[in-house]
Amino acid sequence: MRTLVKMMAVPVVPLLLFAGYAAPASASSAAARPLPCHASMSNSHPADFTTTIVRVRTVARARITTIAHYRTTNTTHHARANAKGRAGIPYRISGATPGFKVKVDVTVRSGRRKGSCQTSFTPHR
């Protein structure tokens with residue numbers, strides 16, 4: 001009985017591979033690769049009642065979400081990258097805690113792919 005099971009099991013594996021049941025490696029690795037994301041500030045030490053811009057570089061036409069984490073609140077903005085993959089998202093500084101480092105989380109999405117990066121700024125009076 002044991003040799004009969006071995007004989008039947010061996011041809012099944014090559015048959016499954018030949019029939020295309022193995023997952024294609026290129027399709028899963030392309031979806032798993034994160035989108036490029038690079039963020040910087042136009043002014044990393046903005047004065048109160050001024051505007052600083054989150055500059056984002058990614059792929060063309062990607063959707064962009066930024067979340068600025070202030071001491072007492074979070075502020076979210078949405079944008080879309082241009083044909084060159086660039087975007088500028090303005091943040092108006094009004095009454096932010098001077099000296100508190102505001103971290104800005106950036107998420108970029110295009111199709112089924114996603115990427116993220118971070119930048120920061122520190123307001124002053």
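# Briefing: contacts and core of a chain with two helices and seven strands

Leaving out residues up to four places away in sequence, Thr52 touches Met41, Ser42, Asn43, Pro46, Ile89, Pro90, Tyr91, Ile93 and Phe121. The model in which these contacts are found is a predicted one, and the points below follow Thr52 and several other residues through it. The secondary structure of the chain comes to two helices and seven strands, and, read from the N terminus on, these elements follow the order α-α-β-β-β-β-β-β-β.

**The chain as a whole**

- The chain has 125 residues, of which 26% count as buried.
- Among the contacts between residues at least 6 apart in sequence, 57% join residues that are at least 24 apart.
- About 8500 Å² of the chain is exposed, and carbon and sulfur atoms supply 57% of this area.

**Thr52 in strand S2**

- Thr52, whose many contacts open this briefing, is found in strand S2.
- Thr52 counts as buried because its relative accessible area is 0%, and the cut-off for being buried is under 20%.
- The side chain of Thr52 also reaches the backbone oxygen of Asn43, at a distance of 2.8 Å.

**The largest nonpolar core**

- The largest nonpolar core contains 21 residues, and those with the most contacts inside it are Val54, Ile64, Tyr70 and Val106.
- At least two residues of this core come from each of the following strands: S1 (38–41), S2 (50–57), S3 (63–69), S5 (86–93), S6 (102–110) and S7 (113–121).
- Val54, when residues up to four places away in sequence are not counted, touches Ser40, Met41, Thr66, Ala87, Gly88, Ile89, Tyr91, Val104, Val106 and Thr119.

**Ala39 in strand S1**

- Ala39 has its place in strand S1, and it counts as buried because its relative accessibility is 10%.
- Once residues up to four places away in sequence are set aside, Ala39 touches Arg55, Val106, Cys117, Gln118 and Thr119.
- Although Ala39 and Asp105 are 66 residues apart along the chain, the separation between their C-alpha atoms is 9.0 Å.

**The aromatic pair**

- When the whole structure is searched, one aromatic pair is found, and it is formed by Tyr70 and Phe121 in an edge-to-face arrangement, with 6.1 Å from centre to centre and 75 degrees between the planes.
- This pair links distant parts of the chain, since Tyr70 lies in the loop between S3 and strand S4 (74–80) while Phe121 belongs to strand S7, and the two are 51 residues apart.
- Both Tyr70 and Phe121 are buried, and Tyr70 is also among the residues with the most contacts inside the largest nonpolar core.

**The salt bridge**

- Side chains of opposite charge can pair when their charged atoms come close.
- The structure holds one salt bridge, which joins Arg125 to Asp48, and the closest N and O atoms of the two residues are 3.5 Å apart.
- The two partners come from distant parts of the chain, with Arg125 in the segment after S7 and Asp48 in the loop between S1 and S2, 77 residues apart.
- Arg125 counts as exposed because its relative accessibility is 69%, whereas Asp48 counts as buried because its relative accessibility is 15%.

**Further contacts of Asp48**

- In addition to its pairing with Arg125, the side chain of Asp48 reaches the backbone nitrogen of Gly95 at 2.7 Å.
- Apart from its neighbours within four places in sequence, Asp48 is in contact with Ile93, Ser94, Gly95, Ala96, His124 and Arg125.

**Two residues with a positive phi**

- Most residues other than glycine have a negative phi, and the two residues described next do not follow this pattern.
- Phe49 is not a glycine, and yet it has a positive phi of about 65 degrees.
- Phe49 has its place in the loop between S1 and S2, and it counts as exposed because its relative accessibility is 54%.
- Arg61 likewise has a positive phi of about 65 degrees although it is not a glycine, and Arg61 lies in the loop between S2 and S3.

Notes:
Residues numbered from 1 in each chain as written. Predicted model: local features only at pLDDT ≥ 70, side-chain atom pairs only at ≥ 80, totals over all residues. Heavy atoms only, no water. Core = buried A, V, L, I, M, F, W, Y, C linked by side-chain atoms within 4.5 Å. Buried < 20%, exposed > 50% of the residue type's maximum accessible area, 1.4 Å probe, protein only. Helix = DSSP H or I, 4+ residues; strand = E, 2+ residues; numbered from the N terminus. Contact = heavy atoms within 4.5 Å. Salt bridge = Lys/Arg side-chain N within 4 Å of Asp/Glu carboxyl O. Polar contact = N/O pair within 3.5 Å; in protein donor to acceptor, adjacent residues only side chain to side chain. Areas by Shrake-Rupley, 256 points an atom, 1.4 Å probe, with all protein chains shown as cover. Phe/Tyr/Trp six-rings, centres within 6.5 Å; stacked < 30°, edge-to-face > 60°.
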